[in-house]
Amino acid sequence: MEAVSIDNHVVDRRAIDPAVVLDGVSRSFGDRVILDGLDLMIDEGEFVVILGHSGTGKSTLLRILAGLDQEFSGRFLAPSQRSIAFQEPRLVPWRRVLPNVTLGLNGDTAQALGREALDEVGLGTHLRAWPNTLSGGEAQRVALARAMVRMPDLLLLDEPFGALDALTRVQMQELLMELCAKHRPTVVLVTHDVEEAVLLADRLLVLDGGRFILDQRVTLPRPRLRTAPDVQRIRADVLRALGVFDERSEPS
Amino acid sequence: MTEALQGTAGPLLPGAVEDAPPVTIGRTTDATLARVSRWTAGRPVGDRRRRRFGSGRMLGPLLLVFVWWLLSALGVLDPDLFPGPAEVVREGAHLIGTGQFHAALLASFRRVAVGMSIGVSTGVSLAVLAGLFSLGRNLFDSNMQIIKAVPTFSIAPLLIIWMGIGEGPKFLLIAISTSVPVYVGVYGAIRNMDPRLLDMARTLELRRSTLIRQIVLPGTTPEFLVGLRLSFASAWLALIFAEQVNAREGLAKLMNDGRNSFQIDLMLFVVVVYAILGLASYGFVRMLERRLLVWKQ
């Protein structure tokens with residue numbers, strides 16, 4: 001990773017304002033070291049995707065960033081305005097869609113903000129629906145609206161599309177790109193899906209053995225096509241870093 | 001035929017079939033068509049529309065009354081020891097006419113209403129305190145388990161010794177019996193709250209009061225209603241015990257009158273009234289479930 005001095009005022013501010021700084025963050029469960037002294041700096045507005053095998057601590061890192069896991073050592077800096085969306089929508093079943101989105105928001109504008117957020121995810125007509133009546137994709141849209149309505153500086157996404165069918169997943173990826181292009185939050189997304197990672201990321205990180213073993217910027221223009229050779233090339237790189245050799249992605 | 005098939009294939013893949021050639025699935029024989037139209041025209045699997053209480057659900061009790069009437073009419077039941085429905089209805093009409101029934105029902109109803117109000121509100125309050133605070137748990141939970149374990153009716157004589165033979169011990173007996181089921185339900189619901197939902201609430205940085213009012217307490221409604229249903233059952237049972245001693249008015253008094261004057265039709269009438277009250281409270285809780293648990297359907 002390129003070292004940037006935060007104290008250097010001469011450098012263009014936008015380029016160096018870090019949204020997230022990890023400084024030697026470690027986390028163990030019993031004897032098992034899951035995260036082993038992670039250092040990381042994420043720029044404001046950057047879309048970072050973290051990949052890794054199951055059990056490599058991706059979600060643990062995200063929980064630490066969300067403030068849900070306090071049992072770590074080391075330090076990190078993150079914006080106080082953060083939102084998280086999980087693999088399951090985690091909607092409150094006994095609140096209708098709009099009150100789910102505005103949960104905990106105060107003030108006269110809460111309702112209007114909630115409506116707007118639901119409009120943006122295409123559910124402006126479902127304000128009074130019960131969560132149980134929504135499809136998996138719709139419920140996840142509500143979860144996304146609930147995250148976005150707080151206007152987060154940092155958006156944390158823990159395999160948000162992992163439980164969705166392939167068609168819905170593609171739609172949700174497009175929706176996420178739209179929302180991010182509009183609101184420009186810093187995003188940390190955890191996923192198993194390498195293709196999804198390459199399509200979405202400004203920067204790819206692969207976590208293995210408690211450390212980042214790959215840190216790659218993806219500068220391809222958007223929207224990216226799954227079939228584009230560049231996308232396939234980066235996908236192959238990442239798979240190789242993960243120790244997976246896919247015939248399809250191996251250059252002959 | 002093909003039209004019918006396209007009609008069902010269309011909405012399954014929105015947007016994806018616009019340019020696709022018409023879908024044909026093998027040969028559309030009459031048999032396949034019959035199959036298709038059955039699953040499009042039939043009621044959806046797992047249709048959870050609920051029948052209104054009182055429509056189909058009264059079939060069982062009505063059948064019971066019919067069998068009773070039949071056995072009486074056939075002479076299987078001795079009319080002196082087990083009068084038929086007609087005699088019981090006649091006796092009931094008589095009691096209603098003299099105003100005796102009215103007074104008895106009102107007195108019993110009042111006991112259940114007061115006792116249950118105290119019992120249910122106490123049960124819920126203690127469950128919330130024990131569910132949310134460790135001090136509350138240490139103070140109340142074991143005690144509630146003790147009350148659950150001790151047969152409440154065994155302390156009825158003690159209550160009478162301590163509180164006299166007025167309405168007090170009657171209210172208290174019903175209150176104790178009805179507090180336990182709602183306590184168990186609500187306490188369990190709070191303790192078993194989905195931890196993922198609580199995690200989510202933490203990330204939204206909800207104030208504790210908001211968390212309790214908007215997430216924890218509404219989430220206990222299903223278990224509260226299950227508890228309430230059991231509380232009603234306990235209430236009518238406790239009423240019978242409570243009214244055994246010096247009740248000048250009430251359903252048990254009617255029952256005792258019947259026993260003393262060997263009026264079996266009167267006694268059976270009271271039994272029928274208990275049955276109706278039990279069914280009615282069951283219907284009441286079901287009505288609450290329909291209103292309060294719309295989000296579950």
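## Helices in chain B, sheets in chain A

Over residues 112–134 of chain B, the chain is 96% helix and 0% strand, with 32 Å between the end C-alpha atoms. This stretch comes from a predicted model, and it is one of the spans that an unreviewed UniProt entry labels "transmembrane region". The other spans with that label in chain B are 58–77, 146–165, 171–190, 211–242 and 262–285. Take residues 146–165 of chain B: here the helix content is 60%, strand is again 0%, and the end C-alpha atoms sit 26 Å apart.

Now zoom out a little. UniProt, again in an unreviewed entry, places the feature "domain: ABC transmembrane type-1" at residues 105–285 of chain B. That whole range is 83% helix and 0% strand, and its end C-alpha atoms are 20 Å apart.

So how do helices in chain B pack? A handy bit of background is that two packed helices are described by the angle between their axes and the distance between the axes. Helix H5 (residues 100–132) of chain B packs against helix H6 (residues 134–149) of chain B at an angle of about 130°, and their axes are 7 Å apart. H5(B) is therefore oblique to H6(B). As for handedness, H5(B) and H6(B) make a left-handed crossing. On the H5(B) side, the residues that meet the partner helix are B:Leu126, B:Leu129, B:Ala130 and B:Leu132. From H6(B) come B:Gly136, B:Arg137, B:Phe140, B:Asp141 and B:Met144. Sorted by class, this contact between H5(B) and H6(B) holds six nonpolar residues, one polar and two charged.

Chain A brings strands into the picture. The unreviewed UniProt annotation "domain: ABC transporter" covers residues 20–234 of chain A, and over that range the chain is 32% helix and 27% strand, with the end C-alpha atoms 25 Å apart.

One sheet in chain A is open and has three strands in the order S2-S1-S4, paired antiparallel. Strand S2 (32–43) and strand S4 (73–77) of chain A are its edge strands, so called because each pairs on one side only. From one strand to the next, the twist averages 10°. Strand S1 (residues 18–29) of chain A is joined to S4(A) by four bridges, and the two run antiparallel. As an example of who faces whom, A:Leu22 has A:Phe76 in S4(A) as its bridge partner. Lying across S1, S2 and S4 of chain A is helix H2 (residues 58–66) of chain A, which runs at about 120° to S1(A). For anyone looking along a strand in the viewer, it helps to know that in a regular strand the side chains alternate between the two faces of the sheet.

Another set of pairings involves strand S8 (residues 203–208) of chain A. With strand S3 (residues 47–51) of chain A, S8(A) pairs in the parallel sense over four bridges. With strand S9 (residues 211–217) of chain A, S8(A) runs antiparallel and shares six bridges. A:Arg203 in S8(A) is the bridge partner of A:Val48, and A:Arg203 also stands opposite A:Arg217 in S9(A). S8(A) and S9(A) make a hairpin with two residues between them, and A:Gly209 in the turn has a positive phi of about 60°.

Some backbone details in the loops of chain A are worth a look too. A:Arg90 has a positive phi of about 50°, even though it is not a glycine, and it sits in the loop between strand S5 (82–85) and helix H3 (97–101) of chain A. Elsewhere, a cis peptide bond with omega of about -5° joins A:Arg222 and A:Pro223. A:Pro223 is found in the loop between S9 and helix H8 (229–241) of chain A.

Chain A has its own helix pair to inspect. Helix H5 (residues 136–148) and helix H6 (residues 166–183) of chain A have axes that come within 11 Å and cross at roughly 15°. Angles under 35 degrees count as roughly parallel, and H5(A) and H6(A) are therefore roughly parallel to each other. Their crossing is right-handed. A:Gly136, A:Gly137, A:Gln140 and A:Met148 in H5(A) meet A:Thr168, A:Gln171, A:Met172, A:Leu179 and A:His183 in H6(A). By class, that contact has three nonpolar residues, six polar and no charged.

Finally, the two chains touch: twelve residues of chain A are in contact with 18 residues of chain B. The chain A side of this contact divides into eight nonpolar, two polar and two charged residues.

Terms used
Residues are numbered from 1 along each chain as its sequence is written. Chains are lettered from A and ligands numbered from 1 in the order in which they are written. This is a predicted model: local features need pLDDT of at least 70, side-chain atom pairs count only at pLDDT 80 or more; totals for chains, interfaces and linings use all residues. Two residues are in contact if their C-beta atoms, placed from the backbone, lie within 7 Å. Ala, Val, Leu, Ile, Met, Phe, Trp, Tyr, Cys and Pro count as nonpolar, Asp, Glu, Lys and Arg as charged, and the others, Gly among them, as polar. UniProt positions are given in the numbering used here, feature names are shortened, and annotations may be inferred rather than shown by experiment. Axes are lines fitted to C-alpha atoms, for helices over the stretch in contact, and angles run from 0 to 180 degrees between N-to-C directions. Angles under 35 degrees count as roughly parallel, over 145 as roughly antiparallel, 65 to 115 as roughly perpendicular and the rest as oblique. A crossing is left-handed if the near helix is turned anticlockwise from the far one by less than a right angle, and right-handed if clockwise.
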